[in-house]
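The exercises below ask you to work from single residues outwards to the strands around them. Please keep the structure open beside the text while you follow each solution.

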Amino acid sequence: MYFPENRPRRLRVSSSLRQMVRETVVTVEDLIYPLFVVHGRGVKETIPSMPGVFRYSVDCLLEEVREVSALGIKAVLLFGIPAYKDDRGSSAYDPQEVVQRAVKKLKRAFPDLLVITDVCLCEYTSHGHCGLIEEGQILNDATLDLLAETALSHARCGADIVAPSDMMDGRVGAIRESLDREGYQSVNIMSYSVKYASHFYGPFRDAAGSAPSFGDRRTYQMDSANAREALREVQQDESEGADIIMVKPALAYLDIIQKVREETLLPVAAYNVSGEYSMVKAAQEKGWLDGQDIMVEILTSIKRAGADMIITYFARDMAHLLNK
Ligand code: PBG
């Protein structure tokens, strides 16, 4: 027999050919850009553990969004750093708070921009947990009302999508019910359905000031060793009315993204979280690897695993590159 019949290398001989047979391409429409909003004017604060990421006051946020919109980014995910915290996370559903203001201003300035809001209490509670606390324990069911109230306050300001990240049982249903009751049937829920108790959130907690003051989040976020449990969370959120299913983090959970993609008919989002971003930036600062090449490889792998959209702090850099 003539050797070799097949030469896989033949399809790799030129850049044009490689491009023609490429199976996975990340586009700017896939990207969701997370942004941190603070009170004040003219504020653009650096976050030491997240080089290139900033906390913006609303006026500066509009500037940043103007720039990334020009690069083709269609969606942002907002996190707030509130003026005050208490044990009930009241600033999460305060109509005067910073996320609520930011949503209003963004939707007015950029009507076509998709504004997604993180719905959680940890940035807003004095104890830093994602739910109400009694005697050191999370009160799951009592927390649902506050989460629904938070989602509603974002919808009232014009949010297109609310994204609950608290991991309380039943929150998607509770949020869906209150949105519908108040006439917000067309506001989508992007559920952090599969959210692991991950050490990759470290830099985010610096950025948002949301580290728990005692204990950890292991009674509500998932154990990183579990895969079947992820599918149960997905089924439950689907039955409660989730519109988009999210897996978080992304990189150490590519197998989960793939399983979830096979399990659900809904769109799947993956969150390329703070620690995944900061590791690359740190290694790049040391000159140990090329941050831009690694970024492309990481985002491509997340899409190849099955994500329809990627929430990433690289969104701006990636959009920039795609525009070149
Ligand atoms: C809030 C929330 C967290 C992240 C998104 N929403 C932190 C946490 O659960 O402690 C992490 C995002 C990131 O690391 O980039 N619950």
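**Exercise 1. Establish how strand β12 is paired and covered.**

Step 1. In this predicted model, strands β11 and β12 run parallel and are joined by four bridges. One place to see this pairing is Ala270, whose bridge partner in β12 is Ile310.

Step 2. Strand β1, which spans residues 31–38, also pairs with β12 in the parallel sense, here over two bridges. Leu31 stands opposite Ile310 of β12.

Step 3. Turn next to the faces of β12, bearing in mind that in a regular strand the side chains alternate between the two faces of the sheet. In β12, which covers residues 309–312, Met309 and Ile311 lie on one side while Ile310 and Thr312 lie on the other, and all four are buried, so that both faces are covered.

**Exercise 2. Describe the surroundings of Asn272: is this residue buried or exposed, and which side chains does its own side chain meet in polar contacts?**

Step 1. Asn272 belongs to strand β11, made up of residues 268–272. Its relative accessible area is 0%, and because buried means under 20%, Asn272 counts as buried.

Step 2. Beyond its neighbours within four places in sequence, Asn272 is in contact with several residues, among them Ala250, Ile298, Leu299, Ile310 and Phe314.

Step 3. The side chain of Asn272 makes a polar contact of 2.7 Å with the side chain of Glu276, and another, of 2.8 Å, with the side chain of Thr312.

**Exercise 3. Decide whether Lys281 is buried or exposed, and find its contacts.**

Step 1. Lys281 is located in helix α9, which runs over residues 274–285.

Step 2. The relative accessible area of Lys281 is 14%, and since the limit for a buried residue is under 20%, Lys281 is classed as buried.

Step 3. With neighbours within four places in sequence left aside, the contacts of Lys281 are Pro51, Phe314 and Asp317.

**Exercise 4. Which residues touch the most other members of the largest nonpolar core?**

Step 1. As background, nonpolar side chains in soluble globular proteins tend to be buried together.

Step 2. The largest nonpolar core has 108 residues, and those that touch the most other members are Phe36, Leu78, Leu106 and Met190.

Step 3. Taking Leu106 as the example, and not counting residues up to four places away in sequence, one finds that Leu106 touches Leu61, Leu62, Val65, Val76, Leu78, Leu113 and Val115.

Key. Residues are numbered from 1 along each chain as its sequence is written. This is a predicted model: local features need pLDDT of at least 70, side-chain atom pairs count only at pLDDT 80 or more; totals for chains, interfaces and linings use all residues. Side-chain values use heavy atoms; hydrogens and water are left out. Buried means under 20% relative accessible area, exposed over 50%, partly exposed in between (1.4 Å probe, protein chains only). Contact means heavy atoms within 4.5 Å. A polar contact is a pair of N or O atoms within 3.5 Å; within protein, one must be able to donate a hydrogen and the other to accept it, and residues adjacent in sequence count only if both atoms are side-chain atoms. A nonpolar core is a set of buried Ala, Val, Leu, Ile, Met, Phe, Trp, Tyr and Cys residues joined through side-chain atoms within 4.5 Å. Two strands pair if DSSP finds at least two bridges between them.
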